[in-house]
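Thanks for sharing this one. Here are my notes on how two of the chains meet.

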Protein chains: 4
Amino acid sequence: MMQPSFLQIASTFKAVFLDSYGVIKNYNGLIEGVPQAIESLREKGIAIRILTNDASRSQEQQAEGFYKLGLKSIQYHEIITSGMMAKQYLQHKILHGKIGYLGTENSAQYILQSGLEHIAVKDINLDDINDITAFVFLDDEGFDWNYDISKTVNLLRRKNIPVIVANSDKLYPVSKNDVAVATGGIAKLVENMLTKKFIHFGKPDSQMFMYAFDELNQFGTFNKNEILMVGDTLHTDVLGGNKFGVKTMLVLSGNTRADHADAQIDASGIIPDFICSSIGI
Amino acid sequence: MMQPSFLQIASTFKAVFLDSYGVIKNYNGLIEGVPQAIESLREKGIAIRILTNDASRSQEQQAEGFYKLGLKSIQYHEIITSGMMAKQYLQHKILHGKIGYLGTENSAQYILQSGLEHIAVKDINLDDINDITAFVFLDDEGFDWNYDISKTVNLLRRKNIPVIVANSDKLYPVSKNDVAVATGGIAKLVENMLTKKFIHFGKPDSQMFMYAFDELNQFGTFNKNEILMVGDTLHTDVLGGNKFGVKTMLVLSGNTRADHADAQIDASGIIPDFICSSIGI
Amino acid sequence: MMQPSFLQIASTFKAVFLDSYGVIKNYNGLIEGVPQAIESLREKGIAIRILTNDASRSQEQQAEGFYKLGLKSIQYHEIITSGMMAKQYLQHKILHGKIGYLGTENSAQYILQSGLEHIAVKDINLDDINDITAFVFLDDEGFDWNYDISKTVNLLRRKNIPVIVANSDKLYPVSKNDVAVATGGIAKLVENMLTKKFIHFGKPDSQMFMYAFDELNQFGTFNKNEILMVGDTLHTDVLGGNKFGVKTMLVLSGNTRADHADAQIDASGIIPDFICSSIGI
Amino acid sequence: MMQPSFLQIASTFKAVFLDSYGVIKNYNGLIEGVPQAIESLREKGIAIRILTNDASRSQEQQAEGFYKLGLKSIQYHEIITSGMMAKQYLQHKILHGKIGYLGTENSAQYILQSGLEHIAVKDINLDDINDITAFVFLDDEGFDWNYDISKTVNLLRRKNIPVIVANSDKLYPVSKNDVAVATGGIAKLVENMLTKKFIHFGKPDSQMFMYAFDELNQFGTFNKNEILMVGDTLHTDVLGGNKFGVKTMLVLSGNTRADHADAQIDASGIIPDFICSSIGI
């Protein structure tokens, strides 16, 4: 593993895929030096795509969020979310009925806008579920965990329908030290209760990489070996990038601490091609 | 697998270990015919012990509960709970500091009465955790799931202390069709977040069987082949009983439905020595 | 789930993806009626692709195998194997050094022809492994299990390199009743020993579907909802097809027995859009 | 965690449970200083029991092995093996038929001497298995892995019988750097193929600790807080000892390297009460 700066490494690629949380921003806002790094990539003509497992907000909402933080050049088509993969799935596979969900009304609106009605778990009458044809774990907010998780278990015990997890992340950071249980964690709990297989979207799965790759190739010709995936998490960003066949960089500005990186790479067998402290340095 | 009645089979043993929920009682109260079955066992001089993964109430509280339901002969020493195993562990291994917990004050009082202070997760100040020396998952009630589960994750990220799960069951029945997520399910979620090993008590672990066996042998001489374990769940009652080396009976009055029993035995490889529809018939 | 015949259902699609083993052929040769079914698809102008987790033989070798069995119309570009995915990965990600492998020389030759040297586990000197830069599980034949599995464990303990599993299937059928442990099973054993993450190729992963989809679209315009995936295994063919977003059909001519299908769908939560006894009927 | 010497710590206990491999001996013979340490324990009147997951040899054979290495004071009743737990299980639960096994004839003889016939996998005719009533994974030697592992899978697919794993260890050390796949690893592979639950014996399960505890108490009165469990492996020795409720010591003379110990304790959440470099120092 070589250790020149992010920009030196990135300069040898035609496109860079960036994770959002822990790479571009954190609980505090933009990570130091990120606007300059993005600017440098733009100047060099290097294409940028942001691949995020955040399914709680649409591309437009996320682009707006970056704008408010000061990253004004991010266009919404440059953002690929795991929620988009879930949405695509629902459009192809669920053609009638109502979609039950656990999450906020906002996430339901942008992911479930497939012409079908959607209904929050809390509003479902368990004795009248004939018309519910799929279920989606959207977000960790927007419901009462004390009641709605068990209610979801019972719904899915009563009716065997496709269950989609729009964000497979088990936790997300909320401050320097602390995390919160994320959608993927709750979905995993329910999956454990039922011993069933849900359909998970998001990194490390190849689908998001494929989507980003296809989208990118509408703007030019990009081969896999001309793309660098940059992330702060071995099990999602690096594993997924490696498997998809692009070069990968681990940055130490998020989930993976500098003093733990080597041990975690060794223990996991997930090996990035490059390691940098941050894209902002 | 032979299929005579429970009492015919039980008559060939000196002692019977019974699971509580799904065998003796259910969401409706006592299962039909159970008082008569217990009475018959008493008349034949067959010793009874109740082995339950319910850690939310003490032996005395559970004996009182059976009394109110009409089972007046159950003495408190005949009840062995997974909570007692957790209590014993804490007494031997945690000799100073405070014990954090997730659960009700009632369960905390009977399990944690080891001379040490205890403190509910909601009352813990995450910036002042030096004196917390162990953590216990006691019950699925008594806390706000929306906040206290993530807070537990953060406590256990900040401090590496022994974590005890007083009841490993993932779910419990609340009505004919429905279940609720139990303590063991929440503990599993947190364990997944942290990728750590907690210390789980309750069936199928041998410890409760061993405890019941030792306690029983203070009242006479009982060999393992003179004991029958009766339960409604393959993965706890039957697996645990098989492993401990006693004969096992699956009853179909609880978790395992009559029309699924053979398939589940075949799929799991957990094979009871006997199958009966209920101990009450 | 509707139950018209395979051909009636297939007629409503522009392309059909077929699993090989259990759908087209079995331990006995071609499954009854398959040549006629393939012929009918050709006549209707429905595109065919065969998606197989068999990584032991190249496209050409597999096409030749079908030819010998009497399926003369299968062209080699219509066959997509998990081995091809592994090969692609190696070409993009492993640019120098030697590739260690467990498998036959034949599978090594077609998968590892990336300009790099390859070396069988049995020929590796564990004290001289500096130049080994990746490892591939290719096949369950071609080595001595008593020695070479442990030797692989030790190689991978000594050096942290990317490990690729060219076929994730845990077992394969060898007769009406019996199976054999497959490459994926051995890889899983080694993964368990090391508690590391290997890179697995093959269904249910999206990558093979994506590859087939892209390849297909070089011959016309095919949308996902115009494609039917047909397989005999819920956890690979149906799960993968569902996730990729195409319609799925379970056939009962292979791994999934007719009298178990409903129970397995119910237990797994993996729901095919269609069920047929065979493509040959 | 305090760090005085092993003997200083051990002196405060009435009994010491020792793991064998990595604590008393290794691939080279006795670990340095062990005879003197054992001698010191004897002089102080501290009871010794050796708890080993090695099921390949009987108590007598293992005592003889220690004698030859120069540890002349170890009596055979002081050795408790996971094989003895398996033997006890078979005696209580399997009362007729033949016991199939994977392992050496030697291990079969001492574990399976329960009055029943036993038959090696290689000698089983898969078309005549009516009289086979249980199966035991005994040892990693004594059979051809290329054939007999798949044959075991097929036997257990054809007939649903209790399956016992006499040694749950996944690997064992064969030299300073290298390991070999152990019985528990092979059993896990087969369990994965079948998705069934086998009955595993050996640490960390409570049963061996219970057995040692009961056996010890025939020679005096020993409470749990007067016993120290010493082992080189967090997931077996320390986890098992912690759960059983005795104090635990991790030694760094075997599986757990000095420079990895803290990280592994932190990552696993398995916390020993004491850490020493070796019992011999």
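The points below deal with the interface of chain D and chain C.

1. Before the details: this is a predicted model, in which local features need pLDDT of at least 70 and side-chain atom pairs count only at pLDDT 80 or more, while totals for chains, interfaces and linings use all residues. Residues are numbered from 1 along each chain, chains are lettered from A in the order written, and side-chain values use heavy atoms without hydrogens or water.

2. Chain D brings 24 residues to the contact and chain C brings 25 residues (contact means heavy atoms within 4.5 Å). About 2,200 Å² is buried between the two chains, with carbon and sulfur atoms giving 53%; buried area is the accessible area (1.4 Å probe) lost when two parts are put together, summed over both. On the chain D side, D:W145, D:N146 and D:M193 supply 24% of the area buried against chain C, more than any other three residues.

3. You will find 2 salt bridges across this interface (a side-chain nitrogen of Lys or Arg within 4 Å of a carboxyl oxygen of Asp or Glu). One pairs C:D178 with D:R158, whose closest N and O atoms are 2.9 Å apart.

4. How does chain D sit relative to chain C? A rotation of 180 degrees with 0.0 Å of shift along its axis superposes chain D on chain C, with RMSD 0.0 Å (least squares on the C-alpha atoms of residues with pLDDT of at least 70 in both). The two copies are therefore related as by a two-fold rotation axis. The same surface serves both copies, as 100% of the contact residues of chain D recur in chain C.
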